[in-house]
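Grab a pencil and work through these exercises on empty space and charged pairs. Each task comes with a solution in steps.

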Amino acid sequence: MYLPPHDPHVDDPMRFKPLFRIHLMERKCATVECMYGHKGPHNGHIQIVKKDEFSTKCNQTDHHRMSGGRQEEFRTWLREEWGRTLEDIFHEHMQELILMKFIYTSQYDNCLTYRRIYLPPSSPDDLIKPGLFKGTYGSHGLEIVMLSFHGKKAKGTKITGDPNIPAGQQTVEIDLAHPLQLPDIENLRDFSELSRIVLEVQEQVRREEQEEEQRQEEDDRSQQAASQAASKPLGIEGAEGEETAVGEEGTTQNKAPASQPFVLPMGVISRNEDYPRTCRICFYGTGLIAGHGFTSPERTPGVFVLFDDDRFGFIWLELKSFSLYSRIKVSFQNAQAPSREAFDEMLKNIQSLAT
């Protein structure tokens, strides 16, 4: 397992933690060992579920228990996961969230299902190279997000989740067709000024979406009429002109201006105060928020801030909070790890032995 660095140090490297290992000693002899807990390797099991998916199960979960009971297990987990002790955490809400995460994760006892992650494709027109990023999420700590590009949109999808927003959800969505012109550095410190700019763009986006819906309805009616009068190829010339215009607009979007000074507005909370003080370009975007258990989810306006090729940020307007993201550069292979093909072959061998 690759764990994010301790909150809020997003630029630190990922942490490596073995969860299981496979021994292929002879052609018809294979063993699986669970590495979870602090009592050393013990008996485990691996099963192929379907393509790109397998499950692990610990057969000796008593090896995960500690002599001091759940309290000792929680304190040990807190030091390893968060790099701090319970006495270091004064905020009551943060204590609640951390305890929820411990209860949720520890109940599985390394009986987990793994699914392969396919990284998004890269295009020369992308704002930056897509991929995996570590991000600060307030009291939730650091989480992993996958950034991908889809034409005029960019999306941040959660790879790891929390009690509010689970993995697989789009935590942020960036509208690349609506860059934001930030005020000068002094006015940028005023949260109300930034809020005014963002809400004006939000209203503009809403109007454009309504107009687009109306155009789409008109186009549908025109296509129906054109199909009945096929003698005149109506609309072809106009469509080509529209396509060219869209292409030119897309090219303009990715021409980022020279870097400009950047500072968070007063009142915006950031777990990491060591964020860059210059940025390349900003865009209007939305961020997903919800109550515990992913209740009442809603998309709220925000600001996507591109700092450089490996770092970006997002200002959550409604939460008055700032998330800083840093690219994961680890290759996700340690020196003794098998190749993908070799690992798949291992799983097949174990499956055939089990059957």
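**Exercise 1.** How much space lies in the second largest cavity?

Before solving, a word on the ground rules. This is a predicted model, where local features need pLDDT of at least 70, side-chain atom pairs count only at pLDDT 80 or more, and totals for chains, interfaces and linings use all residues. Residues are numbered from 1 along each chain as its sequence is written, and side-chain values use heavy atoms, with hydrogens and water left out.

*Step 1.* Fix the term: on a 1 Å grid over the protein atoms alone, a cavity is a set of points where a 1.4 Å probe fits but cannot get out, and lining residues have an atom within 4 Å of a point. Points are joined across faces, edges and corners, and the volume is the space filled by probe spheres set on them.

*Step 2.* The second largest cavity holds about 30 Å³ of space.

*Step 3.* Now the walls: F20, V32, E33, C34, G44, H45, T56, K57, C58 and N110 line this second largest cavity. Two or more residues each come from β4 (29–34), β5 (42–50) and β6 (53–58); strands here are DSSP runs (E, at least two residues), and helices are runs of H or I with at least four, numbered from the N terminus.

*Step 4.* Sort that lining by class and you get 4 nonpolar, 4 polar and 2 charged residues.

**Exercise 2.** Describe the largest cavity and say which domains its lining draws on.

*Step 1.* The structure holds 2 cavities of 30 Å³ or more, and the largest has a volume of about 50 Å³.

*Step 2.* Its lining residues are W82, L97, I98, K101, S139, H140, E143, G161, D162 and P163. Helix α2 (residues 92–106) gives the largest share, 3 residues.

*Step 3.* By class, the lining of the largest cavity splits into 4 nonpolar, 3 polar and 3 charged residues.

*Step 4.* At least three lining residues come from each of domain 1 (2–115) and domain 2 (131–192 + 258–353), with the bounds taken from an automatic or database domain assignment.

**Exercise 3.** Which parts of the chain does the D7–R271 pair link?

*Step 1.* Start with the cut-off: a salt bridge is a side-chain nitrogen of Lys or Arg within 4 Å of a carboxyl oxygen of Asp or Glu. A search of the whole structure turns up 21 of them.

*Step 2.* D7 and R271 form one of these, at 2.4 Å from N to O. D7 sits in the loop between β1 (2–3) and β2 (15–16), and R271 in the loop between β13 (269–270) and β14 (278–279), so the pair links distant parts of the chain, 264 residues apart.

*Step 3.* Check exposure (buried is under 20% relative accessible area, exposed over 50%, partly exposed in between, with a 1.4 Å probe and protein chains only). D7 is buried because its relative accessibility is 6%, while R271, at 30%, is partly exposed.

**Exercise 4.** How far apart in helix α4 are R196 and E200?

*Step 1.* They are 4 residues apart in helix α4 (residues 191–228), so about one helical turn separates them.

*Step 2.* Their salt bridge has its closest N and O atoms 2.9 Å apart.

*Step 3.* Both ends are partly exposed: R196 at 37% and E200 at 47%.

*Step 4.* Elsewhere, salt bridges that share partners join R65, R70, E73 and D109 into one network. Within that network, R65 pairs with E73 at 3.2 Å between the closest N and O atoms; R65 is partly exposed at 30%, and E73 is buried at 9%.

Technical notes. 1 Å grid on protein atoms, 1.4 Å probe; cavity = no way out; pocket = protein on both sides within 12 Å on 5 of 7 lines; lining within 4 Å. Nonpolar A, V, L, I, M, F, W, Y, C, P; charged D, E, K, R; others polar.
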